[in-house]
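Please look through the sequence and the structure below before reading on. The paragraphs that follow go from one part of the fold to the next.

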Amino acid sequence: MRIGKKLTVLIAVAALMLCSAQGALAAKVIKMHHLNKNGAFDNPSGAAAVVFKNLVESGTNGEVQVQIFPSGQLGKDAEVVQQVKDGIIQLGVHSVGAVGSVYPMISVLDVPFAFPNHAVAYEVFDGPFGKKLAGDISAKTGMKCLGFSDSGGFFQFTNSKHPIKTLEDMKGLKIRTMGLDTHKMLVSSLGGQPVSIAWSEVYTSLQTGVADGQMNPVPIVEFAKLYEVQKYLTISNHLFAPHVWLMNMDFYNSLTPSERQVVESAAKTAIVVSRGIANAIEASDRGLPFLSKKMEIYTLPESEKERFRAASQPVVMKYLEEHFGAEGKDMLNSFLEAIKEASK
């Protein structure tokens, strides 16, 4: 970690500890982490955070306060997952990559080209499968999983070398991924070279050529200004990776029944808000219309998408079944069955 970044984290943690001391004298305090800027209209996690804060504080008449620490102020996402687990903070909105450090089976969500559209994805995470996954996360990690919000929509490919119009165009491209084996495997199966890089270092890595490209939803490409260091955007819709809401279990259990109800209801509403904002940004002059002025955009036709699917899906599914055994196979089958049902 660079000295400047380390100093920033230390200052944030010191502020957090001061807030903890002050909060202990008054209301119950939820210290909440998320990765992006704070703001009701800036990005999905920022919008969700401010809505959650408003609903919790108003719903408990100020008995539960929410202090938001945006933009990764408290450290890398995986480090903050551990802070939630240890009770240093109470709530985190985390990437699946970070959650994978404490719950590796989150990788079952990484079946390439599994979801046909947003509506099916939302129904799957809000339905029986989402409840099963949340329950298993809570049981395995000791943290309360409050749900799954939209990180920005479907993942797309960007790069600085050339347009990706066919499977062959992926060959040799150094593509940044999260630390998940399934994400690395996906890129490799398509002919690319996966490069695992922390989110806080992605822009610089793309700028300096450590990576040629990356994969993220359109709103993230826009608000992280990746268009400044990437020339080509391919609409592939190859993954849907939600943000996972994790709360410290001891803190959750310390809430009164009515406070728990408010917190859970606020999280559900905030999750809906994240989805609306993600779709609105993608369709607005901060999404594809804006990026079309900055990048060359190409949408994979269904025929070519099928080639991508055929190259990647069997590889990832085989890994999941072998790596996680019977338990993983059961979760994977539940996931695929939920998608099938929601697609009817």
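In this predicted model, a convenient place to begin is cysteine 145, which stands opposite leucine 246 of strand E10. The strands concerned are E4 and E10, which pair in the antiparallel sense over six bridges, and they belong to an open sheet of five strands with mixed pairing, whose order is E2-E1-E3-E10-E4. At the edges of this sheet are strand E2, residues 64–69, and strand E4, residues 143–149, each of which pairs on one side only. From one strand to the next, the twist averages 20°. Helix H3, made of residues 77–86, packs on this sheet and touches strands E1, E3, E4 and E10, while its direction makes about 150° with that of E3.

Strand E10 covers residues 243–248 and includes histidine 243. Is histidine 243 buried or exposed? With a relative accessibility of 5%, histidine 243 counts as buried, because the cut-off for buried is under 20% relative accessible area. Apart from neighbours within four places in sequence, the residues in contact with histidine 243 include Leu35, Asn36 and Ser45, then Val93, His94 and Ser95, and also Gly147, Phe148, Ser149, Asp150 and Ser151.

A second sheet can be followed in a similar way. Six strands form this open sheet, in the order E7-E6-E8-E5-E9-E11 and with mixed pairing. Strand E7 (193–196) and strand E11 (296–299) stand at its edges with a single partner strand each, so that one side of each has no neighbour in the sheet. On average, and with direction ignored, neighbouring strands here are turned by 25° against each other. Within the sheet, strand E5, residues 156–159, and strand E8, residues 213–216, pair in the antiparallel sense over four bridges, and phenylalanine 157 stands opposite methionine 215 of E8. Helix H7 packs on the sheet, where it touches E6, E7 and E8, and its direction makes about 155° with that of E7.

Helix H7, residues 181–189, also packs with helix H13, residues 302–342, at an angle of about 150° and with the two axes 9 Å apart. The crossing of H7 past H13 is right-handed. On the side of H7 the contact is made by Asp181, Thr182, Met185, Leu186 and Ser189, and on the side of H13 by Ala311, Ser312, Val315, Val316, Tyr319 and Leu320. Seven of the residues in this contact are nonpolar, three are polar and one is charged.

Helix H13 leads on to the aromatic rings, of which a search of the whole structure finds 11 pairs. In one of them, phenylalanine 115 and phenylalanine 335 meet edge-to-face, at 5.5 Å centre to centre and with 75° between the planes. This pair links distant parts of the chain, since phenylalanine 115 lies in the loop between helices H4 and H5 and phenylalanine 335 lies in H13, 220 residues apart. Phenylalanine 115 is buried, and phenylalanine 335 is buried too, with a relative accessible area of 0%.

Phenylalanine 335 also pairs with phenylalanine 129: their ring centres are 5.3 Å apart and their planes stand at 40°, so this pair is tilted. Here, too, distant parts of the chain are linked, phenylalanine 129 being in helix H6 and phenylalanine 335 in helix H13, 206 residues apart. Phenylalanine 129 counts as buried, at 4% relative accessibility. Ring pairs join Phe115, Phe129 and Phe335 with Tyr122, Phe125, Phe148, Phe154 and Phe240 into a cluster.

Methods:
Residues are numbered from 1 along each chain as its sequence is written. This is a predicted model: local features need pLDDT of at least 70, side-chain atom pairs count only at pLDDT 80 or more; totals for chains, interfaces and linings use all residues. Side-chain values use heavy atoms; hydrogens and water are left out. Axes are lines fitted to C-alpha atoms, for helices over the stretch in contact, and angles run from 0 to 180 degrees between N-to-C directions. Helices (H or I, at least four residues) and strands (E, at least two) are DSSP runs, numbered from the N terminus. A crossing is left-handed if the near helix is turned anticlockwise from the far one by less than a right angle, and right-handed if clockwise. Contact means heavy atoms within 4.5 Å. Ala, Val, Leu, Ile, Met, Phe, Trp, Tyr, Cys and Pro count as nonpolar, Asp, Glu, Lys and Arg as charged, and the others, Gly among them, as polar. Buried means under 20% relative accessible area, exposed over 50%, partly exposed in between (1.4 Å probe, protein chains only). Two strands pair if DSSP finds at least two bridges between them. Rings of Phe, Tyr and Trp (its six-membered ring) pair if their centres lie within 6.5 Å; planes under 30 degrees apart count as stacked, over 60 as edge-to-face and the rest as tilted.
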